[in-house]
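User: Hi, can you walk me through this structure? I'd like to start with the pockets.

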Amino acid sequence: MIDILRSQTHSQHIALHDYPLLAGLSRNQISDAEFNDILLAFDAYYSAAEAARFPVGHDLPDAPVRQWLSKDLMHRGLNGLQGRIVFRHPPIDTLSKLVGYLYTKQGSTLGGRVISKHLQACLGLVPGVDQRFFAGYGEDNGLQWKRFVAGVESLADRLDADEAAAAAQAAFEHIAWVCDQVAELRQTHAA
């Protein structure tokens, strides 16, 4: 199942790496203002996504990204964008949709480790201290990912691969859409 999700979302995943709002996460420089916008975008996305979840009964690792983002926003003196970006995430109401969504959510902790080091080098943000979201589980990012993969594989006979892949693809596309909205808000306020 994980291989299917990886192959079915590859183009969306790569496109997100090059997304204008997120570019500072991989280039040599990033400003505090750019980092703030990135945090606000992820907070807006995950607020909507988590609100769209229905209980579907699972025992998969589930990164507490909303808690991590809340700590980052508070640390930086930021308020979320609730009400300024209107986004209604499609319902995550089946186990397959949840697996697709969690694939992107849990997977982001793996890339977050590299990003976290980059943020420390560029902005002096200490992982787990000055920034939590990208630090993720810290040293346990790989372990949590392995637990997730094992959990998904144990559920394989209960999953619809097409539905899971569509949910994962949609998650990447929704993140991109929210990033566009945050960039537009920034441009409007700069004008």
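User: Which helix gives the most to the lining of the largest pocket?
Analyst: That's H4, with 10 residues. Helices here are DSSP runs (H or I, at least four residues), numbered from the N terminus. Keep in mind that this is a predicted model: local features need pLDDT of at least 70, side-chain atom pairs count only at pLDDT 80 or more, and totals for chains, interfaces and linings use all residues. Residues are numbered from 1 along each chain as its sequence is written, and side-chain values use heavy atoms, with hydrogens and water left out.

User: OK, and by class, what is in that lining of the largest pocket?
Analyst: You get 16 nonpolar, 11 polar and 1 charged residues. Ala, Val, Leu, Ile, Met, Phe, Trp, Tyr, Cys and Pro count as nonpolar, Asp, Glu, Lys and Arg as charged, and the others, Gly among them, as polar.

User: New topic: which residues of H3 are buried?
Analyst: Val65, Trp68, Leu69, Asp72 and Leu73 (buried means under 20% relative accessible area, exposed over 50%, with a 1.4 Å probe and protein chains only). Seen down the axis of H3, they fall within an arc of 130°, so they line one face of the helix. The arc is taken from the directions from the helix axis to the C-beta atoms.

User: Which exposed residues are on the face turned away from the buried side of H3?
Analyst: Gln67, Lys71 and Met74.

User: And what do the buried residues of H3 pack against?
Analyst: H2 and H4, where contact means heavy atoms within 4.5 Å.

User: What follows H3?
Analyst: Glycine 77, with a positive phi near 70°.

Definitions and conventions. Helices (H or I, at least four residues) and strands (E, at least two) are DSSP runs, numbered from the N terminus.
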